[in-house]
Amino acid sequence: MSVVRILNVSIPEPKSLFLAPYRFEVTFECLSPLQDDLEFKIVYVGSAENTTLDQELDSLLVGPVPVGVNKFEFVADAPKTDKIPKEDLVGVTVILLTCSYKDKEFERIGYYVDNAYVDEELQQSPPDVPVMDRVCRNILADKPRVTRFPINWDDPHKVDVPPVQSAEGGMGEDAEMDTDNHGKGGFVVGGDDEADDDDEEEVEDDDEEDEDGEDEKGEVDLDMMEEQDEAEIDSDEDDDIDEEDEKMAADAKHSATYVESASMAMDVE
């Protein structure tokens with residue numbers, strides 16, 4: 001169980017100029033006392049194909065951390081444009097908010113960022129050299145991707161376990177962004193979304209069919225079991241009636257023929 005968990009991240013200005021600072025309002029909960037401070041970082045993905053082009057916009061140590069719910073504001077300058085490939089300055093990229101304890105990352109929140117020209121003329125005919133003071137960014141603040149990394153809070157370097165994707169709706173998981181593998185050999189921004197969506201729909205349809213099949217099969221089995229039980233009960237009742245008739249006939253025969261054996265017949269009953 002995680003000792004610290006991010007409860008909410010608010011972005012006051014999701015739409016702004018590319019060169020404007022980034023602002024995050026972070027709310028987190030601490031369940032038990034911590035020996036060291038927490039470290040938060042804002043990382044701008046300069047290129048989806050090369051993690052060495054990532055820019056750490058700023059880092060912040062938060063502590064000492066009291067037990068309970070805490071909130072702080074994290075402000076960082078915009079990325080340096082001269083460190084971003086020209087072809088990646090305009091278009092879709094990702095901004096990451098990472099959370100670490102004793103240099104061990106335990107939570108990562110990623111957002112898509114759409115950088116586009118404000119002027120329609122520049123949108124239709126983009127210049128060879130991007131004009132960054134005419135570029136605006138749009139952070140998709142309502143679709144974060146949350147990844148949690150279980151760590152040993154007493155000794156974070158003791159265990160190395162795979163990340164756990166959040167399935168909770170509170171942080172609005174976006175399954176199209178692969179933040180797990182970023183910095184670990186791969187990163188996906190965009191991609192073949194339609195193909196991915198089709199695959200996901202096919203999987204969901206298969207799951208629904210399997211569930212429907214199981215439900216229908218279960219109902220059929222239950223009905224068959226009820227019919228079999230009723231048939232067995234009817235059969236048992238018929239057998240009981242036949243046995244009673246035979247017994248009554250035998251008793252009557254014994255009573256008529258052998259009066260002295262009537263008491264024996266009653267004992268048998």
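Okay, to kick off: which side chain meets E56 in a salt bridge? That would be K41, with an N to O distance of 3.7 Å. Keep that pair in mind, and I'll come back to it. Bear in mind throughout that this is a predicted model.

So, the overall layout. We've got 3 helices and 11 strands. Going along the sequence, you run through eight strands, then a helix, then three more strands, and you finish on two helices. There are 269 residues, and 31% of them count as buried. If you take the contacts with a separation of 6 or more, 65% are between residues 24 or more positions apart. As for the surface, about 16,800 Å² is exposed, and carbon and sulfur atoms supply 48% of that.

Now the inside. The largest nonpolar core has 40 residues, and the ones touching the most other members are V4, F24, F28, L34, L38, F40 and I95. A whole set of strands feeds at least two residues each into this core, including β1 (4-10), β3 (22-30), β7 (91-101) and β8 (104-117). I95 is a nice one to click on. Skip its neighbours within four places in sequence, and I95 still contacts Y22, F24, I42, V43, Y44, L57, I109, G110, Y111 and V113. There's also another core lying apart from the big one, with 5 residues, among them V43, V94, L96 and Y112.

Right, on to the charges. The structure holds 7 salt bridges. Let's start at R23, which pairs with E73, the closest N and O atoms being 2.9 Å apart. Those two sit in distant parts of the chain: R23 is in strand β3, E73 is in strand β6, and they're 50 residues apart. R23 also bridges to E25, and there the closest N and O atoms are 3.9 Å apart. How buried or exposed are these three? R23 is partly exposed at 29% relative accessibility, E25 is partly exposed at 22%, and E73 is partly exposed too, at 42%.

Back to the opening pair, then. E56 is in strand β5 and K41 in strand β4, 15 residues apart, so this bridge also links distant parts of the chain. On accessibility, E56 comes in at 47% and K41 at 25%, and both count as partly exposed.

One last thing on the charges: which residues end up in one network through shared salt-bridge partners? Those are E13, R23, E25 and E73. That's me done, thanks.

Notes:
Residues are numbered from 1 along each chain as its sequence is written. This is a predicted model: local features need pLDDT of at least 70, side-chain atom pairs count only at pLDDT 80 or more; totals for chains, interfaces and linings use all residues. Side-chain values use heavy atoms; hydrogens and water are left out. Helices (H or I, at least four residues) and strands (E, at least two) are DSSP runs, numbered from the N terminus. Buried means under 20% relative accessible area, exposed over 50%, partly exposed in between (1.4 Å probe, protein chains only). Contact means heavy atoms within 4.5 Å. Accessible areas come from the Shrake-Rupley method with a 1.4 Å probe; for residues, only the protein chains shown count as cover. A nonpolar core is a set of buried Ala, Val, Leu, Ile, Met, Phe, Trp, Tyr and Cys residues joined through side-chain atoms within 4.5 Å. A salt bridge is a side-chain nitrogen of Lys or Arg within 4 Å of a carboxyl oxygen of Asp or Glu.
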